[in-house]
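The following exercises concern the interfaces and one helix of a multi-chain model. Each task is followed by a solution in steps.

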Amino acid sequence: MFAEFLQFLFSGITVGAIYALVGLGFAIIYNASNVINFAQGEFVMLGGMGTVFFIGLGLPMPLAVLLAVSLTVIVGFGLERFAVEPARDAPIVTLIIITIGASIFLRGAAQLVWDRNFHSVASFSGSDPIMIGGASILPQSLWILGCTVVIVIALHMFFNHSMTGKSIIATSHNPLAAKLMGINTSMVLLMSFGLSALLGASAGILIAPISLTYTGVGIMLGLKGFCAAVLGGLGKPMGAIAGGLLVGISEAMTAGYISSAYKDAVAFIIILAVLFLMPNGLFGGRGTERV
Amino acid sequence: MNALSKPETGGILSLALVIAILPAFLPNSFYFDVVILVGINAIVCVGLNLLIGYTGQISLGHAGFFGLGAYFSGILVSIHGWPPLVALIAGAVFVGVLAYILARPVMKLRGHYLAMGTLGMGIVISIVLNQEGDLTGGPDGMPVDAFSVFGWEPGNELTWYWMVGGLLLIAVWLALNLINSPVGRALRAVHGSEVAASVAGVDVARYKSLVFVVSAVFASVAGSLFAHYSGFLTPSEADFFHSIELVTMVVLGGMASVFGAVVGAAVLTLLPQLLTVFHDYEMLVFGAAMMITMIFMRRGLVPTLQSAFNRWRK
Amino acid sequence: MKSLFKKAGLTALVAVSAIGLATGSAKAEETIKIGSFLAVTGGASFLGDPEKKTLDMYVEKINSEGGVLGRKLELIVYDSGGDPKKAVPFAKRLISDDKVDILLAGSTTGATMAVIPIVEKAGIPFISFGGAGVIINPVKKWVFKTPHTDTLAVQKIYNDMKSRGISKIGLLSGSGGFDKSCRKNVLDLADGAGMGVVADETHGKGDTDMTAQITKIKNSAGVQAMLYCGFGGATSIVAKNFKQLGVDIPHYQTHGSASKSFIKNADGGAEGVRLPAAALVVVDALPDSHPQKKVASAYKKMYEAKTGSEISSFGGHAYDGLMLAVEAITRAGTTDKAAVLAELEKTNNFIGVDGIYTMSPTDHLGLDEASFVMVEVKDGDWKMLK
């Protein structure tokens, strides 16, 4: 009985960590720019498919991963410069449509350059399950958890101890004041998109050995990541991580104990409940209306 | 005479004229098929535009209402043998009530939270349609019987064309009336500034809810028509991508422009058909079109062209 | 990974592949038009891609040999991506705008079922490549199919299970048309075969993690084997998850998994999985006396030479469909739809790669269990059992 629970918990935490990484990407961009980047899921796709592509060229795995992440970061920069920047002062609806357009564009481009089939990526260190308390966990799941922890710590250091990190925080609190203080806010925006792309690509690469990857993989992962970010109160990095894990574990428990059919609905039902009862998210503070 | 000189009346007359003469230029039933789909999408967009364009509230879940209307007709008619018209009305009433219940909490949300809320609502509807396979046939869909009213069936594409064309005119007429009513003026105030509107004594929440319900009912009716017309339904009618398509139609055509919604629906429905030869590029072009219009023509095709035309005339 | 670079060969959607020398000599109205919509790309592309290649290849071959009834064949293929929603407008377009003479289409059960009302209304012969029995049972006037049904597959699987002393199984199925039809067969045929279904789990379309469902099956009391009903990318994920969870009961899948990409993407998880498949996938292991050996070998040779990729049983469905259509049109001496329909129903002992077809007005498939073989995945390849 307990073994079963543990099994559901393992798969919940694994996928939850991925949602957390994606949600974190949403939070960082939102912090820097008040933009919700609906193309976040495509970063996840680019990470996974990019790795498949570079491995296909005969490159060793670490190099392929590095190139895939770089490619995604460049796309992130491009997205900020050519799609978001020119519409900075536009209303929310407009920005939402621009980033959704970007996500469709990127998916279309990926389907054109690559294909629409499923691809597998080899696990980082074997695929023989490790048994813990009667439940099995994959070495890849440990990789996911380990990498997520490392990334979160690194981000924390970055935001609190580096000049660039601090200027991102400053910009998120008050863009005008930050600008007056001599912070290059446009650079901060660019950085935030690059950083988000890095997070998304990492998530995509980490999950690929477990769930296969294809050009449409970013849609659901992106939306769930958005749920995680909103659940945590938009713009709260730690909230996004908590939100991601919460969504992942609830999903796994629902699939295990209630109905696997409604697994995907869980994230959205939680989010609706939270929004209706607490319109600013679980860990959210003040409202976000821009007048 | 006075009524005729109003630009809206002129617009509705030109739309009627286009609908009346278009059949002469359609070579076969395939082209009718495309135009009928344009009409069905246009009905949804005219309603959605009231919400997005006139009250400034986004909905990323309207395909959910379209899908519910469609499946209401599909299930009640094809499985339970209801008369199609009754099923259509039942669907519209159900969706209207559902939208009314949802409207208060949903319309309280702002900005991105509103986007998330409506998105979640649409996705939950689409998941239910996917999973309740015994009723809906699951992801692979269900067949739907033909439409009929008191034994009369719109057998061929031409009859469907007139039916959808007529309904589109009614939808546009209703929308124009709503916009030019006191309620409509209040709506525009809401879009301008909610605080100002409520200070001026406008019951903001009530008007927003009203528009939400109206737009949901438009979507539901269009969904029912679509179900009977296409004869086959899949849950993708209610999915996130379809919601995005609908929003894009509205925004591309022109927010706060009833005819913009019709133009937007026409452009985005025709585009994939024209692109079939370059089908590989369809998503690329679609995504690029969304971005480029929003960056360079934020107000959409119709208003941008309109002001360009006005400037040229001066 | 080579496939990533063969994008050009995939000429995805709606590349209207007017094949052959049609442009020069024969005028458009003289060609025999074959309409098709296939899942050339998307999650079911492992079905549609070989089907399209097969049709392209053999239409070209037939045309170079003089065509049918002295007329060239003209093939029009649209890519439905396996989506029933897209299949419907394509079917309408093929029938009313392209005015095709016959439909050889529908990689998936879902896309096939979606267009049946249109096909029946228009009255045009339609040979589907969809897997499930519901397509032809009950019989629809204009609809035929070439792949073995899930009913045959389930019978074959039950026989194999019984020979291993298995009587209690856990069932996992997807939610697509084929998956559901297969699940229904598993449940309906269980009593007659003396089998008990002790777990009945499902997963959603596009799910990428089935560990929860498999955990429940693993923990069901008395379960002796797991059977998965589904096709496409999900087959590999199920096999992977099955291995990940360290489940040690026999694992069965259906002919929906009979493609090399199933083995490749399962990352070792496919080892030991048993499934029924067309003899084509193990053609080299067939004895020379096997009636299908000659046809199947010839098809395999041509397909592998032309495309450079390995055959899968799915391309074979398209081969059989095309040949059945050509035979029927030749015998009818016309492309008149009713005449072709009548001749299709008179198909008798036609040797295809999927088996030997004998159709009738009440049997629009014409295959029996004999044309199916049980295979097991061993060392990353199919191995014929018995």
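Two residues are in contact when they have heavy atoms within 4.5 Å. The model is predicted, so local features need pLDDT of at least 70 and side-chain atom pairs count only at pLDDT 80 or more, while totals for chains, interfaces and linings use all residues. Residues are numbered from 1 along each chain as its sequence is written, chains are lettered from A and ligands numbered from 1 in the order in which they are written, and side-chain values use heavy atoms, with hydrogens and water left out.

**Exercise 1.** Describe the interface of chain B and chain C.

*Step 1.* Count the residues: 24 of chain B are in contact with 22 of chain C.

*Step 2.* Determine the buried area (the accessible area, 1.4 Å probe, that two parts lose on being put together, summed over both). For chain B and chain C it is about 1,900 Å², with 51% on carbon and sulfur atoms.

*Step 3.* Search for salt bridges (a side-chain nitrogen of Lys or Arg within 4 Å of a carboxyl oxygen of Asp or Glu). There are 2 between chain B and chain C; one of them joins Lys85(C) to Glu237(B), with the closest N and O atoms 3.6 Å apart.

**Exercise 2.** Describe the interface of chain B and chain A.

*Step 1.* Chain B contributes 41 residues to the contact and chain A 49 residues.

*Step 2.* About 4,000 Å² is buried between chain B and chain A, and carbon and sulfur atoms give 81% of this area. His112(B), Tyr113(B) and Met116(B) supply 21% of what chain B buries against chain A, more than any other three residues.

*Step 3.* The count of salt bridges here is 1: Arg298(B) pairs with Asp89(A), their closest N and O atoms being 3.5 Å apart.

**Exercise 3.** Test the length of helix H13 of chain B, residues 258-274, and list its buried residues.

*Step 1.* Helices are DSSP runs (H or I, at least four residues), numbered from the N terminus. The expected span is 1.5 Å times one less than the number of residues.

*Step 2.* Because H13(B) has 17 residues, at 1.5 Å a residue it should span 24 Å; its end C-alpha atoms lie 25 Å apart, which agrees.

*Step 3.* Apply the criterion for buried (under 20% relative accessible area, 1.4 Å probe, protein chains only). The buried residues of H13(B) are Val258(B), Gly260(B), Ala261(B), Val262(B), Gly264(B), Ala265(B), Leu268(B) and Thr269(B).

Key. Helix = DSSP H or I, 4+ residues; strand = E, 2+ residues; numbered from the N terminus. Buried < 20%, exposed > 50% of the residue type's maximum accessible area, 1.4 Å probe, protein only.
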